[in-house]
Amino acid sequence: MLRIFFGSHKDEIYNTDVYYQNQYDKAWITSEFAKKIIADIDDSEVIGEDAIRNDVFGNFSSTELSTGVKTLLLIYNQPKQMFNISNCGDNCAKYLLEIAEDRDITVCLHHAMNFGDDFAVKVINDRKRKIITDPKEFLLLAHHYLRVEASER
């Protein structure tokens with residue numbers, strides 16, 4: 001299940017770009033999941049351990065992937081950590097749900113991500129742990145919790 005905390009959390013890894021630079025394993029990109037998200041999100045092809053090819057940028061390492069892909073790779077490979085998924089675009093939402101199909105992951109979200117119409121997530125603010133499947137309810141909860149956090153600053 002994908003568990004979402006709206007706003008800042010004391011355990012959150014906020015800057016996933018910097019964290020990735022210091023934590024990644026070159027072999028991460030050779031998994032089938034990694035190859036799929038790199039092809040779909042970054043329109044690139046994995047050609048070897050820490051080697052990626054793109055028609056525009058040529059060959060590059062995984063440290064040059066988009067922040068969304070890096071965040072997904074971190075969540076996939078370090079599911080016990082709490083990452084900021086606001087570093088991801090909406091094109092990452094389906095992969096977050098896919099990762100959460102067979103394991104629990106907890107993430108922080110600082111905006112209302114579009115998960116489409118068919119999803120189930122658990123919002124864990126205020127320890128209510130409510131499962132949300134309705135996009136409108138999700139948007140209202142995001143607005144509520146993020147507005148409360150902004151007013152507390």
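**Exercise 1. Describe the overall build of the protein, starting from its helices and strands.**

The protein holds 5 helices and 9 strands, where helices (H or I, at least four residues) and strands (E, at least two) are DSSP runs numbered from the N terminus. This is a predicted model, in which local features need pLDDT of at least 70 and side-chain atom pairs count only at pLDDT 80 or more, while totals for chains, interfaces and linings use all residues. Residues are numbered from 1 along each chain as its sequence is written, and side-chain values use heavy atoms, with hydrogens and water left out.

Step 1. Along the sequence, the elements come in the order β-β-α-α-β-β-β-α-β-α-β-β-β-α.

Step 2. The radius of gyration, taken over C-alpha atoms, is compared with a globule rule of 2.2 Å times the number of residues to the power 0.38. For 153 residues a compact globule would have a value near 15 Å, and the protein, at 16 Å, agrees with this. Its C-alpha atoms fill a box of roughly 45 × 30 × 25 Å along the principal axes.

Step 3. Contact means heavy atoms within 4.5 Å. Among contacts with a separation of 6 or more, 58% join residues 24 or more positions apart.

**Exercise 2. Determine how far helix 3 is covered, and by what.**

Step 1. Buried means under 20% relative accessible area, exposed over 50% and partly exposed in between (1.4 Å probe, protein chains only). By this definition 44% of the 153 residues of the protein are buried.

Step 2. Helix 3 spans residues 67-77 and is mostly covered, with 8 of its 11 residues buried; these are G68, V69, K70, T71, L72, L73, L74 and I75.

Step 3. The cover over these buried residues includes helix 1 (16-23), helix 2 (32-42), strand 6 (82-84), helix 4 (93-99) and strand 7 (105-109).

Step 4. K70 serves as an example from helix 3: K70 counts as buried because its relative accessible area is 4%. Not counting residues up to four places away in sequence, K70 touches D17, Y20, Q21, S62, T63 and L65.

**Exercise 3. Work out which residues line the largest pocket, and place I124 in its surroundings.**

Step 1. On a 1 Å grid over the protein atoms alone, a pocket is an open set of points where a 1.4 Å probe fits, with protein on both sides within 12 Å along at least five of seven lines, and lining residues have an atom within 4 Å of a point. The lining of the largest pocket is made up of R3, F5, H9, T106, I124, D126, R127 and R129.

Step 2. The space in the largest pocket is about 160 Å³, a volume being the space filled by probe spheres set on the points, which are joined across faces, edges and corners.

Step 3. I124 lies in the loop between strand 8 (121-123) and strand 9 (130-132), and counts as buried because its relative accessibility is 11%. Leaving aside neighbours within four places in sequence, I124 is in contact with R3, I4, F5, T106 and R129.

**Exercise 4. Explain why C92 forms no disulfide with C88.**

Step 1. A disulfide is a pair of cysteine sulfur atoms within 2.5 Å, and by this rule the count is 0 disulfides.

Step 2. The sulfur of C92 is 4.2 Å from that of C88, the closest cysteine sulfur, and is therefore too far away for a bond. C108 is likewise in no disulfide, the nearest cysteine sulfur, that of C88, being 12 Å away.

Step 3. C92 counts as buried, because its relative accessibility is 0%, and C108 counts as buried at 0% relative accessibility.
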